[in-house]
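Q: I would like to learn how to read a ligand site, a sheet and a few backbone details. Can we go through them one at a time?

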Amino acid sequence: SNNKIQVEMNESSGVATMKFKSPPVNSLSLDFLTEFCISLEKLENDRACRGVVITSAIPKIFSSGLDITEMCGKSTEHYAEFWRAVQEIWLRLYSSNMVTLAVINGSSPAGGCLIALSCDYRIMAENPKYTIGLNEAQLGIVAPFWFKDTFVSVVGQRVAERSLQLGSLYPAPEALKFGIVDELVPEEKLQEKAAAVMAQWLALPDHARQITKSMMRKTVLDRLVAHREEDIKNFISFVSKESIQKSLRMYMEMLKKKKS
Ligand code: CO8
């Protein structure tokens with residue numbers, strides 16, 4: 001499948017726009033993550049592309065995070081393949097040489113929040129109905145150390161510690177207050193603002209910005225690279241526990257009930 005993410009390249013500005021379009025909620029399935037990786041790699045290798053805007057083509061939702069069905073009732077081999085893909089997209093995005101800008105035009109829980117946190121800058125639609133955060137604890141699961149590291153590097157130890165323990169999902173105004181996002185903009189102004197922010201970041205020479213970025217992010221990246229196989233093993237043993245399977249099933253049930 002090759003249609004879950006739309007990529008448009010603006011040759012004159014050197015900025016690509018990546019739009020998530022995987023109904024109903026842009027959940028990060030194995031297929032989605034694979035396509036995301038390929039799209040990102042293509043842009044990374046395109047010398048004409050200096051920046052990428054990551055946003056959603058689905059109203060009200062940026063991304064609902066990892067596809068929970070990929071973590072329920074599957075084989076050990078499947079869990080390993082899925083988790084490797086989650087690691088891969090984070091490693092690529094967090095270490096990207098391009099300027100990465102998250103334009104968060106809807107709710108962005110858990111893995112969706114991780115994608116946004118991994119960018120260089122975040123602007124969010126000014127709508128208190130849209131929430132963002134690492135809510136893993138609410139599902140009875142634990143955000144992996146590199147989710148935590150990424151979060152700490154954006155908001156600091158105290159906000160990360162409290163938010164992770166409570167699994168807090170913050171409405172946009174609170175997300176701004178706690179530094180999870182950098183700016184709020186009325187939804188209809190998001191594109192205009194994104195172009196202005198990109199222009200500001202691209203006004204500098206690439207090499208100085210790239211070296212600075214990699215200096216800032218190296219420790220956090222190296223920690224996963226050094227423990228990648230161990231992290232996959234941990235994920236498999238955690239997600240295979242009957243108690244965790246039960247928590248995930250109950251959470252999916254809760255989502256379905258909330259509907260009616
Ligand atoms: N995965 C799979 N299916 C999902 C997910 C998801 N993350 N989110 C929603 N869906 C499904 C719903 O079950 C529903 O299915 P159906 O139509 O069959 O009933 C459909 O998508 C539409 O969902 P909603 O009706 O809930 O749509 P709304 O527009 O009302 O709400 C939300 C959208 C806000 C995104 C809402 O669906 C929601 O809160 N989803 C759950 C988000 C969430 O908590 N994600 C966490 C995933 S875990 C993660 O990303 C990190 C895990 C780290 C690993 C830890 C080690 C084990």
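A short dialogue on these features follows.

Q: What kind of model is this, and which conventions apply?
A: The model is predicted: local features need pLDDT of at least 70, side-chain atom pairs count only at pLDDT 80 or more, and totals for chains, interfaces and linings use all residues. Residues are numbered from 1 along each chain as its sequence is written, and side-chain values use heavy atoms, with hydrogens and water left out.

Q: Which residues come nearest to the ligand?
A: A residue is near a molecule if one of its heavy atoms lies within 4 Å of it. There are 27 residues around the ligand, and Leu66, Ile68, Tyr251, Lys258 and Lys259 come nearest.

Q: What polar contacts does the ligand have with Ile68, Tyr251 and Lys258?
A: A polar contact is a pair of N or O atoms within 3.5 Å. A polar backbone atom of Ile68 is 2.9 Å from a nitrogen atom of the ligand. For Tyr251, an N or O atom of the side chain is 2.8 Å from a ligand oxygen atom. For Lys258, a polar side-chain atom lies 2.7 Å from an oxygen atom of the ligand.

Q: How much of the ligand's accessible area does the protein cover?
A: Accessible areas come from the Shrake-Rupley method with a 1.4 Å probe. On its own the ligand has 1,100 Å² of accessible area, and the protein covers 80% of this.

Q: Which elements give two or more residues to the shell around the ligand?
A: Helices (H or I, at least four residues) and strands (E, at least two) are DSSP runs, numbered from the N terminus. The elements in question are α9 (228-240) and α10 (242-259). α10 gives the most, with six residues.

Q: How is a sheet read, and in what order do the strands of the open sheet come?
A: Strands of a sheet pair through backbone hydrogen bonds, either parallel or antiparallel. Two strands pair if DSSP finds at least two bridges between them. Here four strands form an open sheet in the order β4-β6-β8-β9, with mixed pairing. β4 (60-61) and β9 (170-171) are the edge strands, each pairing on one side only. Strand β8 (residues 131-133) runs antiparallel to β9 and is joined to it by two bridges. Ile132 has Tyr170 as its bridge partner in β9.

Q: What should I note about the backbone at Pro24 and Asn26?
A: The peptide bond from Pro23 to Pro24 is cis, with omega near 5 degrees. Pro24 lies in the loop between β2 (15-20) and α1 (30-44). Asn26 lies in the loop between β2 and α1, and its phi is near 50 degrees, a positive value in a residue other than glycine.

Note on methods:
A polar contact is a pair of N or O atoms within 3.5 Å; within protein, one must be able to donate a hydrogen and the other to accept it, and residues adjacent in sequence count only if both atoms are side-chain atoms.
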